[in-house]
Amino acid sequence: MKPILVIGRHGQVSHALKATQPDCYQVDYLGREALDIRSSLKIAQVLDQRDYRLVINASGYTQVDAAETDSQAAFALNHLAVKALAGHCGKRGIRLIHLSSDYVFDGRQNKPYRPEDTPNPLSRYGESKWRGELAALEYGQGHTCIVRTSWLYSPFGHNFVKTMLTLMRQCKPLKVVDDQWGTPTSALALGQFIWQLIQVIKPEPIYHWSDLGVTSWYEFARQVSDSANALGLLDEPANLSPISTQEYGAAAPRPHYSALDNSGSKGILPAKRWQDNLIQVLQLLAKEG
Ligand SMILES: NC(=O)C1=CN([C@@H]2O[C@H](COP(=O)(O)OP(=O)(O)OC[C@H]3O[C@@H](n4cnc5c(N)ncnc54)[C@H](OP(=O)(O)O)[C@@H]3O)[C@@H](O)[C@H]2O)C=CC1
Ligand SMILES: Cc1cn([C@H]2C[C@H](O)[C@@H](COP(=O)(O)OP(=O)(O)O[C@H]3O[C@@H](C)C(=O)[C@@H](O)[C@H]3O)O2)c(=O)[nH]c1=O
């Protein structure tokens, strides 16, 4: 079987893909040092080196607040580099799976967003991701498949759950926004979904994948505290209080509601409740010690 290329080797999603990868696939995981996708020439060289059948782009500029002031860097990676990557994949007939975000939506809807709903990003990060989606679809010559997902966490890299655990262990009072609603998603479950998706012969252009349920960042943090305490990761439940988005005062605007309707993905892999996947990830963290 022809090999698969995963871009973004050191990132959270790439680690999750590696942890969930079925043995039957031959996969090259390349980090920025081996493949900086801002270089079109480098993309061409890598794709010409081996006869890849599929590319999974797990790279991205993911610092949502920093993107407000560093927007050139966010667009360079999330838009322009994706356009070049899709062009090279399209020309060679290589399927491209590209990751995008719930932050492409404005959150003014009060029901889960469907893949065909129109994005209207509030932040520079969200805008860079949407422009990346459009370019990937336009230049991929029918070979692009976008997977939008939300609020990822895992034992790997930086994410909300690990940040919360670090802050909670410092035993300081924590304030967390309770007026942004969405779905926490285990990057490991996303990894399992992507490995199933690659077996679909005629994929849709856009899929939504998240765990099941809707919650606020505050409720998510509360569940992290309760479950981590029950598993012995925390000596006592955290001192948490809810605050508004306005009070928190982050640099980037975020959608008030960004749950994704993933009914179109059910046939590929049924999703699990976010609370159950959270316990699984916390158990892995507890095992790591
Ligand atoms: N995290 C989340 O909650 C969500 C993420 N997504 C999307 O999923 C994708 C992966 O996210 P996640 O794994 O969490 O992100 P991470 O920030 O953990 O990883 C991103 C990776 O991209 C790599 N990278 C940065 N610049 C380049 C470059 N020029 N060329 C090649 N690689 C580069 C980084 O490399 P280095 O380590 O060298 O800096 C890093 O390893 C992104 O596209 C993101 O937008 C979508 C929805 C939610
Ligand atoms: C650390 C912290 C954050 N927050 C808030 C800020 C924000 O509204 C929310 C989440 O903060 P974070 O900075 O961890 O996460 P954020 O960067 O908003 O996460 C997003 O990342 C990108 C890459 C995506 O694509 C999204 O799906 C989403 O996962 O919690 C608090 O209220 N209190 C805190 O102590």
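Here is a short tour of two ligand sites and two helix pairs, stop by stop.

Before you start clicking, note that this is a predicted model, where local features need pLDDT of at least 70, side-chain atom pairs count only at pLDDT 80 or more, and totals for chains, interfaces and linings use all residues. Residues are numbered from 1 along each chain as its sequence is written, chains are lettered from A and ligands numbered from 1 in the order in which they are written, and side-chain values use heavy atoms, with hydrogens and water left out.

**Stop 1: ligand 1**

Select ligand 1 and show its surroundings, counting a residue as near if one of its heavy atoms lies within 4 Å. You should find 23 residues, the closest being Arg 32, Asp 36, Thr 62, Tyr 125 and Lys 129.

Now turn to the polar contacts (pairs of N or O atoms within 3.5 Å; within protein, one must be able to donate a hydrogen and the other to accept it, and residues adjacent in sequence count only if both atoms are side-chain atoms). Zoom in on Arg 32, where a polar side-chain atom sits 2.6 Å from an oxygen atom of ligand 1. Polar backbone atoms take part too: one of Val 13 is 2.8 Å from a ligand 1 oxygen, and one of Gly 11 is 3.0 Å from a ligand 1 oxygen.

How much of ligand 1 does the protein bury? Of the 900 Å² that ligand 1 exposes when taken alone, the protein buries 83%, with accessible areas from the Shrake-Rupley method and a 1.4 Å probe; for residues, only the protein chains shown count as cover.

Next, colour by secondary structure, using DSSP runs numbered from the N terminus: helices are H or I of at least four residues, strands are E of at least two. Two or more shell residues come from each of α1 (12–20), β4 (95–101) and α5 (124–139), and β4 gives the most, with three. By class, the shell has nine nonpolar, ten polar and four charged residues. Here Ala, Val, Leu, Ile, Met, Phe, Trp, Tyr, Cys and Pro count as nonpolar, Asp, Glu, Lys and Arg as charged, and the others, Gly among them, as polar.

**Stop 2: α1 against α7**

Keep α1 on screen and add helix α7 (residues 187–197): their axes come within 8 Å and cross at roughly 65°. Axes are lines fitted to C-alpha atoms, for helices over the stretch in contact, and angles run from 0 to 180 degrees between N-to-C directions. The residues to display include Val 13, Ala 16 and Leu 17 of α1, and Leu 188, Ile 194 and Trp 195 of α7, where contact means heavy atoms within 4.5 Å. This contact divides into nine nonpolar, four polar and no charged residues.

**Stop 3: ligand 2**

Jump to ligand 2, which has 18 residues around it; Ser 101, Asp 102, Tyr 103, Tyr 125 and Arg 254 come nearest. Tyr 125 is also among the closest residues to ligand 1.

Which atoms should you label? A polar side-chain atom of Asp 102 lies 2.6 Å from a ligand 2 oxygen, and an N or O atom in the side chain of Tyr 125 is 2.8 Å from one. From the backbone, an N or O atom of Val 177 lies 2.9 Å from an oxygen of ligand 2. On its own, ligand 2 has 700 Å² of accessible area, and the protein covers 82% of that.

The elements giving two or more residues here are α6 (160–169) and β7 (174–177), with β7 supplying the largest share, three residues. The shell has eleven nonpolar, four polar and three charged residues.

**Last stop: α2 and α4**

Finally, select helix α2 (residues 40–49) and helix α4 (residues 71–92), which pack at about 35° with their axes 10 Å apart. Show Ile 43 and Leu 47 among the α2 residues, and Leu 85 and His 88 among those of α4 that they meet.
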